[in-house]
Structure formats: structure tokens, C-alpha cells
Amino acid sequence: MSSPTQLSTCHSCCYSGGGRNTLIPARLSSNSRFLNPWVVLFITIATVGILALITGLLIHFLAFNRKGCFYHSSFQILNVEYTDQLSSPATQEYRNLSERIESMITRAFQQSNLRNQFLRAHVVKLRQGESGVIADVVMKFRFTRNNNGESMKARVQEILQQMLNNSGNLEINTSSEITVITDQDTEDLFTRECGARPDLITLSEERVVGGTLADEGDWPWQVSLQLNNVHHCGGILISNTWILSAAHCFRSYSNPQQWTATFGISTTSPLLRARVRAISIHNNYVYPSNENDIAAVQLERPITFTRNIHRVCLPEATQNIVPDSTAYVTGWGSLTYGGNTVTELRQGQVRIISNNVCNAADGYNGAVSSGMLCAGASGGGVDACQGDSGGPLVQEDSRRLWFLVGIVSWGYQCGLPNRPGVYTRVTAYRNWITEQTGV
């Protein structure tokens with residue numbers, strides 16, 4: 001690419017610490033109105049040391065004496081009928097209902113005496129119940145270590161009960177019980193679903209993506225597709241058995257036995273390596289055309305999702321990709337046109353560019369079709385490059401879930417002004433993806 005906690009259940013525990021420091025006053029000379037310079041130095045050093053000690057104790061008490069706790073609850077919503085639109089986080093119906101539930105929970109705790117302990121609530125799944133819809137919700141709090149876990153759980157339950165009794169136009173079953181869950185339980189809940197990065201899994205404050213090198217787990221759906229064990233193209237994990245990539249990656253090498261998929265930020269020391277069973281290239285892809293540049297790669301056997309390896313969300317076919325909105329492209333491509341690929345995953349922030357702008361006479365002059373998507377940086381500089389082909393272009397939605405909007409396809413050189421990267425537009429091939437993969 002061209003450059004551009006462990007959390008666990010709340011148990012009763014206590015904290016003790018501190019100490020006394022006695023400062024011995026400096027002695028004044030009987031025959032001088034001024035302090036000896038060495039005495040002044042000693043006082044200064046001692047004062048700085050005491051302030052540093054006090055600051056350290058305060059930081060320890062305020063930060064390390066507080067412990068994150070996760071709670072899980074399932075709310076049964078009786079007056080909302082379950083439909084297929086609630087089976088995918090990509091639909092507006094799913095987002096609307098999830099946000100209503102999350103806002104209701106947030107409001108209830110912000111108006112309670114636990115306002116300073118409550119951090120976030122997130123609907124991890126909507127599913128069909130015997131009557132209506134069941135929402136599986138994870139909530140995060142931060143309590144001091146000497147709080148009794150059972151009493152805190154009872155207080156959280158009490159506030160939720162009050163909320164459910166005043167849930168407005170949502171008719172919610174008030175018998176919902178909460179359970180304390182571990183960090184591993186929370187991780188399992190999130191990684192079974194799509195599109196979660198580490199900051200969402202821990203329900204922490206939103207993290208800004210900075211720099212060009214990615215950290216492990218930042219883009220857990222990123223795949224390196226390796227030809228004879230050498231990185232050749234990127235890929236995107238969309239289920240535990242299927243990867244999307246670009247058709248042109250397999251133009252000369254379509255034998256699945258030549259390919260392996262690796263996961264993790266390093267192509268040389270991956271977290272996981274998997275063999276490929278089958279490669280499905282779009283029937284209407286014909287080289288050298290850039291149309292229909294999409295392929296589906298099936299793994300030999302399903303992989304187990306973890307915090308650092310799990311799937312991205314796929315958009316609905318009708319999802320609107322807004323021009324000038326922020327997106328991220330990732331991969332191991334070369335840093336300059338004609339250069340070598342890299343071994344550590346890199347990331348770049350780009351902006352969606354409308355096809356009309358991209359097709360201007362001083363740009364691609366009409367070569368970008370409706371099945372393609374442009375993204376780049378103002379004035380160039382940040383772009384996909386050789387070796388990034390087949391990799392993801394992703395965007396974050398209002399609930400901090402990440403969706404695949406493009407697949408690295410083509411472009412004129414790398415990072416030039418008015419020559420942004422051109423991607424396969426995923427929404428245009430949503431039906432083909434379902435036909436090939438069932439996702």
C-alpha cells in the first residue's frame with residue numbers, strides 16, 4: 001500500500017496502599033539571608049519526588065482500582081414481529097431497533113446513581129423468539145474493586161427492571177435476568193457476529209485509526225492469499241469457510257492446490273494458515289476487462305473465529321455508499337509503484353469518490369462503470385498498490401460495525417492525483433456472493 005485486558009467478573013475485593021513521607025526542613029544559615037544552592041536543589045528534588053509519588057498513587061487509585069465488568073441480558077420484545085430484515089445488521093430495520101434498545105438502556109443508567117459506572121450497551125444479536133424478537137445485549141460497567149459483585153448486579157438488575165416497566169412503545173418482557181460474564185464470554189459473543197474490531201469487543205471508547213501499520217486484530221477479516229506460500233493477493237473473510245477476492249488474482253493460477261490463506265498482520269509469521277478447496281471466478285470476468293473482478297475462495301475446512309480472526313459484515317444490495325465518506329483500505333502491497341510487497345499489514349484512510357468525479361476527463365475518462373467504486377485521498381498519496389489486489393475497502397456504521405464496500409481491483413499506478421484506486425463495488429455483486437457462498 002502506498003503510504004499515505006483482561007476483563008472478568010466483579011468479585012468482592014479490597015485495596016490498600018499509601019505511605020508517609022516526612023520532609024525535614026532545610027536549615028538556614030545564621031549569617032546569610034539566602035539558602036545554600038545545594039539546599040535549594042535538595043528541596044526542589046524532594047518536592048518533585050513527593051509530587052510524583054502522590055500523582056502515581058492517584059493514578060493507581062483512579063485507574064487500577066477500577067475494574068471493568070460485563071453483564072449479559074436477553075430482552076424479549078413482544079410487539080415487534082421478527083422478519084428477515086432483522087436477521088442482518090446491514091439493514092436499516094436492524095440498526096433502528098438496536099439503536100432504540102441501546103439508547104433506552106443508556107438513558108436509564110445515565111439517569112441513575114450508576115451513571116458514573118455505566119460505560120456502554122450494545123445489542124450483539126437480534127433473533128426470533130416464541131413471541132416477537134429477542135435482543136441479546138451486553139453492558140459494560142466499571143466499578144471499584146472493593147464493591148461487592150452481587151450487590152452491584154442486584155442494583156443493575158433493579159435499574160433495568162425500572163427501565164423495562166417504562167419502555168415507551170416497546171413492549172418488553174420484564175422477566176429478563178442479567179448474568180455476569182467474563183471477558184472470554186464477551187469476546188465469543190462478539191466474534192460470532194460480524195464486523196467487530198477490538199474497541200467494540202471491549203466496549204471501550206472509539207479508537208481512532210492512526211499511522212500506517214496495523215496492530216494485531218485491527219482488521220480481523222484481512223486475509224493473505226498466498227501462491228506457493230508467497231503472498232500474491234489480499235482477501236476478505238466473510239464466513240468461517242468463504243473468502244472474497246479479485247478475479248484477476250487467479251487469471252493465470254486457478255488451481256486451488258497452489259493456494260493457501262493466512263490470517264494475522266504478518267505474511268511471514270501468520271496466526272493461522274489454511275488450505276484452499278475451491279476458487280469460483282465470476283462467469284463474466286474476461287481479461288483484460290476490469291468488469292466483474294470478483295472471486296469467491298472456499299477453504300478446505302471451517303476455521304474457528306477468534307478475537308483476531310473473524311468475518312466482516314456484508315452490505316445489503318441497496319446500501320448507499322456516500323461520496324466523501326471515510327473508508328479504510330488495508331493490505332501488504334508495495335509502498336511505491338513497481339516496488340516490493342511488505343510483510344506487515346498496512347492501513348490507509350481514504351475518501352469515497354463519486355463515479356461522476358472519477359470519470360472526469362482528467363481522471364479515468366469514463367472507464368469506471370456502475371459495478372466499480374473509487375476511493376482515494378485528496379491530491380493522491382494514499383492508495384492501494386500492487387499486492388493489495390483482492391483486499392478490503394471497509395466503512396464503519398453508526399453502531400461501530402464494519403462493512404465491506406469494495407474489493408481492491410485496479411488503478412493507474414499508485415497514489416497519483418486524479419487517479420484514485422478503483423474497487424469492485426460489493427453492493428453490485430451482493431446477489432452473486434449469496435449464490436456462490438450462501439452468505
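# A tour from the Pro288 loop to the barrel

Begin by selecting Pro288, which sits in the loop between β9 and β10. In this predicted model, the peptide bond that leads from Tyr287 to Pro288 is cis, with an omega near 10°.

**The strands on either side of that loop**

From there, select strand β9, residues 272-281, and display the side chain of Arg275 together with that of Glu300, which belongs to the loop between β10 (295-299) and β11; the two are 25 residues apart and so link distant parts of the chain. Arg275 and Glu300 form a salt bridge whose closest N and O atoms are 3.8 Å apart, a separation to be read against the 4 Å limit that defines such a contact here. Add Arg301 to the selection, since Arg275, Glu300 and Arg301 are linked in a network of salt bridges. Is Arg275 buried, exposed or partly exposed? With a relative accessible area of 46%, Arg275 is partly exposed, and Glu300, at 28%, is partly exposed as well.

Next, turn to the largest nonpolar core, which has 44 residues, and pick out Ile243, Leu244 and Phe263, the members that touch the most others. To show where this core draws its residues from, colour the elements that contribute two or more: β5 (222-227), β6 (230-237), β7 (242-245), β8 (259-263), β9, β10, β15 and α7 (430-437). Which of these elements gives the most to the core? That is β10, with 4 residues. As general background, nonpolar side chains tend to be buried together in soluble globular proteins.

**The barrel**

Now select the strands β11, β12, β13, β16, β15 and β14, which in that order run as a closed barrel of 6 strands with antiparallel pairing. Neighbouring strands of this sheet are turned by 45° against each other on average, with direction ignored.

A convenient place to start walking around the barrel is β11, residues 326-331, which is joined to β12 by 6 bridges and runs antiparallel to it. For one of these contacts, centre on Thr330, whose bridge partner in β12 is Gln347. Staying on β12, residues 346-353, note that 6 of its 8 residues are buried, so this strand is largely enclosed by the rest of the structure. On the next step, β12 pairs with strand β13 (residues 372-376) in the antiparallel sense over 3 bridges, and here Ile353 stands opposite Cys374 in β13. Continuing from β13, follow the 4 bridges that join it, again antiparallel, to strand β16 (residues 421-425); a residue pair to label at this step is Ala375, which stands opposite Gly421 in β16.

**Charged pairs at the β14-β15 loop**

Select Arg399 and Glu102, whose side chains meet in a salt bridge at 2.5 Å, N to O. Because Arg399 lies in the loop between β14 (392-396) and β15 (402-410) whereas Glu102 is in helix α2 (residues 92-110), this pair ties together parts that are 297 residues apart in sequence. Both Arg399 and Glu102 are buried.

Then move to Arg400, which forms a salt bridge with Asp199, the closest N and O atoms being 3.1 Å apart. What parts of the chain does this pair tie together? Arg400 lies in the loop between β14 and β15 and Asp199 in helix α5 (residues 198-201), so the parts that are joined are 201 residues apart in sequence. Arg400 counts as buried at 11% relative accessibility, and Asp199 is buried at 7%. Across the model, the count comes to 9 salt bridges.

**Exposed sites to finish**

Two loop residues are worth selecting for their backbone angles. Asp324, found in the loop between β10 and β11, has a phi near 75°, a positive value in a residue other than glycine, and at 53% relative accessibility Asp324 counts as exposed. Asn365, placed in the loop between α6 (355-358) and β13, has a positive phi of about 50° although it is not a glycine, and at 58% relative accessibility Asn365 also counts as exposed.

Finally, select Trp38, Leu41 and Ile45, which make a nonpolar surface patch of about 380 Å². Of these residues, Ile45 lies in helix α1 (residues 37-64), and with 54% relative accessibility Ile45 counts as exposed.

Terms used. Residues numbered from 1 in each chain as written. Predicted model: local features only at pLDDT ≥ 70, side-chain atom pairs only at ≥ 80, totals over all residues. Heavy atoms only, no water. Buried < 20%, exposed > 50% of the residue type's maximum accessible area, 1.4 Å probe, protein only. Pairing = 2+ DSSP bridges. Patch = residues over 30% accessible without salt bridge, like charges linked within 9 Å, V, L, I, M, F, W, Y side chains within 5 Å. Areas by Shrake-Rupley, 256 points an atom, 1.4 Å probe, with all protein chains shown as cover. Axes fitted to C-alpha atoms, helices over the stretch in contact; angles between N-to-C directions. Core = buried A, V, L, I, M, F, W, Y, C linked by side-chain atoms within 4.5 Å.
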